[in-house]
Amino acid sequence: MNFGLNILNNSAGGCGSGNSASDGCGDHGACGGCREAPPERSRRDFLKRATTIAFGSFSLTLLPVSSGGAAEQQASALACGASSATGVSGAAAVKEKEVLYGFLVDTEKCVGAGKCLTACRVENNVPEGYSRTWVERFVHFKDGRVQVDLVPETGYAGSDIPAINPDLVERAYFAPKLCNQCVDAPCNQVCPVHAAFTSPEGIELVDPDRCIGCAYCVQACPYGVRFINPDTGIADKCTWCYHRIQRDEQPACVEACPVGARVFGRLDDPESEISKRIAKIPTSVLKEHLGTHPKLRYIGITGEVN
Amino acid sequence: MDGSSFVFPNDSHVAWSIMIVLYPYITGLVAGAFIVSSLYHVFHQEVLRPVARLALVKALCFCAFATVPLLLHLHHPERAFNIMITPSATSAMSGFGIIYSLYMLLLVVEVWLVFRADIVARARSARGPSGLLYRILSFGDREITKESQAADAWLIRALSIVGIPAACVLHGYVGFLFGAVKANPWWSTALMPVIFLASAVVSGIAALIVLYLFMSWRRNVTPDAACVRSLSRYLWSSLIIAVSLEMLELVHMAYEAGAEWHVLSTLLTERLAVSYGVVQVLIGSLCPFVLLLLAIHPRRNPKMMMPLSGLASVLILVQVFAMRWNVVVGGQLFSKSFRGFVEFPLSIGGREGLIAAAVVLTLPLIALWVAGRLLPLWSADESCRT
C-alpha cells in the first residue's frame, strides 16, 4: 500500500480534542465539530405514536389492512428474512426494552483495508455492482487538488489503482460510508406504501413484502445508500446488520474492521464505548444542512466529505 | 470538481427511466386539454366550441393510460394497489392513487354527460353490438327531456369547475414529487410544481392544436380558423409563462450559486447541452415563440396561420418532452457525491425501453381513434364547412 504517509493529520480544530463536548464547546452545536446529542426519544416516540394513531384510525375506518404494531411486526419479519437470507437460522424477537443505537466512524483509524466491504457483501448477500457500505479515499494534494476514489474490496494490495507520490500529498484519509440511519429519514418520509419503516431501535428498514420498487426512496436518500436490488426488485440498504444486532452481535463490518474504525453501540447507555467516545471526541455528521439528523457520526472529517 | 470524478457506487444505476419521463408528459397533456375544455364549459369561450369535445375526450384517453408508464417502471407492479391500500401520509407519492382515481372518475362522468344525448339517441337507433354498447352506456334512458338536458348542462359546468383545480392538483402534484426531494439540488425547488403545471397547460393546448389540425385534415374538413387562432393565443401566452418560470428557476440557481452549482452548471453546459440548450430552449421555446407571434397576428391569412400554429405546436410538444427529460433524467446524471456524472443507458427494447415508450404514447391515440368512432367528437354545424 502506498499510503503510509500522513493519513491522519487532519485533527478537528476548534473544540479541544480530548475534552468532553460540553467542556470544549459550551452549548451543544456551538461549533461545527461538536454536534448536539441525537434527538431525545420522547420526541420520536411522540411523532411515532401520533402517526400510528392517525394511521390506525384511518386504516380501521377505511382500509382492510391494519397497520397497528406494524413496526414491531415488520422488524421481526425482516429479522427473520435477513437471517434466512444469510443462512442464519432462528428469528430473534424484538427486544422488550427499547434501545437506541448509534454508529461512529473514526476516519483517523481507518486504513482502507476493505475487510468491512467483503464482510458486508457476504453477510447481506449484496449483489455485485451495488454496495450497502463503501470506503472513500480522500487525497488532498499540495497543489489544492482533491482526489476521491473508492477503496477496492480487496484493499489496495494487488489492485490496479496507481500509486500516489507521497511528496505531492498534503493530507489523506479514508471515509467509510454506510446508512446514516437518519432520525428524520427522507427515505422513510417519501415511501408511499409504508415499506420503509423505523424499527423500535431507530433503525431504518425495508419491508420486502410491501415495497413496490418505485425507487422514490433511492432518489430521496441524500447519501446514495439505497438501491433497487436487481435480484429482488425491492429497495435495499444498509441496516447496520439489524438481524445481527437483534442477537446482541455487532454488525458484520464492525466485526471485520481490523483497527476498530467502526464503532457500533447503544447511545442510551452512557457506559457504552460509542457514548464515551462521542462524549470525549468532536464528531460530525454528513450533509447536516439537510436536517436529516443522522445517527451515523464521524471523527476526523471535514466539509469535503458528503 | 477539483479535477476528481467520483460517483457513489449505487448512483451509477439510474433508478428512474424514460417511463418516469412519460408519466408527467402524459398527465400534462391531460391537464392542459381539460383546461381548454373548461374554457368552453365554464368560461363560455364559444370560439373553442369546435375543440371542446375533442379536448375532453383527449383528456380522458390520455388519463386512462397515465398509469401504464408507472406500472412498467415499478419493479413490483403486482403490488401497485398498495399505494391505495396502505398509503403513507408522509409520502408525496401516496396521494397519487386518490388524486388520479378521483380525477379519472370526474373525467369519465363529465365525458358521459357531454355525450349523453348522443348516446341515448344512438341507443334508440343503433342495432347490433354497437347498439348494445350504447344501450348499456345510456343506462336504460331512451329519452332526453329539456329538464334533463338542463340538469346535464349544470352538472357539466359544475364538474368543469371542480375539474380545473383537480387538473392543477394532478399535475402540480407531479411537480411536487420532484420539488420535494431535498437530496437533489436539480429538483429541489418550490417552483417545480408551478413549472410543471405551466408546461402542462402548454403541452395540452399544443397537442390539441396538432390533433385538431390532423384530424380535420384526415376528415377533409377545414379547421375553424377562429378556434385555431384563439388556441394559438392561449398557447403563446402559456408558453411565455412556462418558459419564464423555467428560466427564472435557472437564473435563480445560477445567481445564488449554491454549494452544488458547480455540478449543475456542468450538467447544463455538458451533459444537457443539446437536450436543454438546443432542444428545450432554442428549438422548443424560442422558435415556437416567434412562429406563434407570426401566427396570431390579426391580419394573418388563415391558410398561413394554421401551418404556423401547427408547426409551433409540434415544436412545443418536443420542448415539453425535453423539459421532462431534462428534469427527470438530468437530475440523475450527477452523483449525490456532487463529484461526478453517470451515464443514462437508454435501451431500445425491454420494459423501460424506447419501443415500450413509443407504445405507451401511441395507446392514448388509439383510444382517441376508437372514441372518435363511437362518439361524435365534432359539432353538427361543422360539417357544412367542408
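## A tour of the two-chain model

Begin by selecting B:Leu235, whose contacts, apart from neighbours within four places in sequence, are B:Val202, B:Ile205, B:Ala206, B:Ile209, B:Leu292, B:Ser313 and B:Ile316. The model is a predicted one, with an ipTM of 0.92 and a pTM of 0.84.

Next, extend the selection to the nonpolar core. B:Leu235 is, with A:Cys217 and B:Leu208, one of the residues that touch the most other members of the largest nonpolar core, which has 187 residues. Helix H1 of chain B, residues 18–41, supplies the largest share of this core, 17 residues.

Select H1(B) itself. This helix has 24 residues, and the distance from its first C-alpha to its last is 35 Å, close to the 34 Å expected at 1.5 Å a residue. H1(B) is mostly covered, with 24 of its 24 residues buried.

From H1(B), move to H13(B), residues 354–374. The buried residues of H13(B) pack against H1, helix H2 (49–64) and helix H3 (67–73) of chain B. Within H13(B), B:Ala356, B:Val360, B:Pro364 and B:Ala371 are buried. Place the view along the helix and look for the kink of about 25° at B:Thr362, shortly before the proline B:Pro364. What span should the 21 residues of H13(B) have at 1.5 Å a residue? The expected value is 30 Å, and the end C-alpha atoms are 31 Å apart, which agrees.

Now select B:Arg351, in the loop between helix H12 (302–328) and helix H13 (354–374) of chain B. Is B:Arg351 buried or exposed? It counts as partly exposed because it has 14 C-beta neighbours inside 10 Å, where 20 or more would make a residue buried and 12 or fewer would make it exposed. Leaving aside neighbours within four places in sequence, the contacts of B:Arg351 are B:Leu72 and B:Ala356; B:Ala356 is among the buried residues of H13(B). For a sense of distance, draw a line from B:Arg351 to B:Ser232: their C-alpha atoms are 37 Å apart in space, and the two residues are 119 apart in sequence.

Turn next to the contact between the chains. Select the 42 residues of chain A and the 37 residues of chain B that take part. On the side of chain A that touches chain B, the elements giving two or more residues are helix H2 (41–62), strand S3 (146–150), helix H5 (186–190), helix H6 (216–220) and strand S7 (227–228) of chain A. S3(A) gives the most to this side, with 5 residues. Colour the same side by class to find 28 nonpolar, 10 polar and 4 charged residues.

Widen the selection to chain A as a whole, which contains 9 helices and 10 strands. Of its 306 residues, 46% are buried. Among the contacts in chain A between residues at least 6 apart in sequence, 65% join residues at least 24 apart.

Finally, colour both chains by pLDDT. Chain B has a mean pLDDT of 92, and 97% of its residues reach 70 or more. Chain A averages 77, with 68% of the residues scoring at least 70. Residues 1–44 of chain A have a pLDDT below 50, and this stretch has 69 contacts in the model beyond near neighbours in sequence. Over residues 77–96 of chain A the pLDDT also stays under 50, and the model has 31 contacts beyond four places in sequence for them. Where pLDDT is low, the predicted coordinates should not be read in detail.

Notes
Residues numbered from 1 in each chain as written. Chains lettered and ligands numbered in written order. Predicted model: local features only at pLDDT ≥ 70, side-chain atom pairs only at ≥ 80, totals over all residues. Core = buried A, V, L, I, M, F, W, Y, C linked by C-beta atoms within 7 Å. Helix = DSSP H or I, 4+ residues; strand = E, 2+ residues; numbered from the N terminus. Contact = placed C-beta atoms within 7 Å. Nonpolar A, V, L, I, M, F, W, Y, C, P; charged D, E, K, R; others polar. pLDDT = per-residue confidence, 0-100. Expected span 1.5 Å × (residues − 1). Bend = angle between axes of the 7 residues up to and from the residue.
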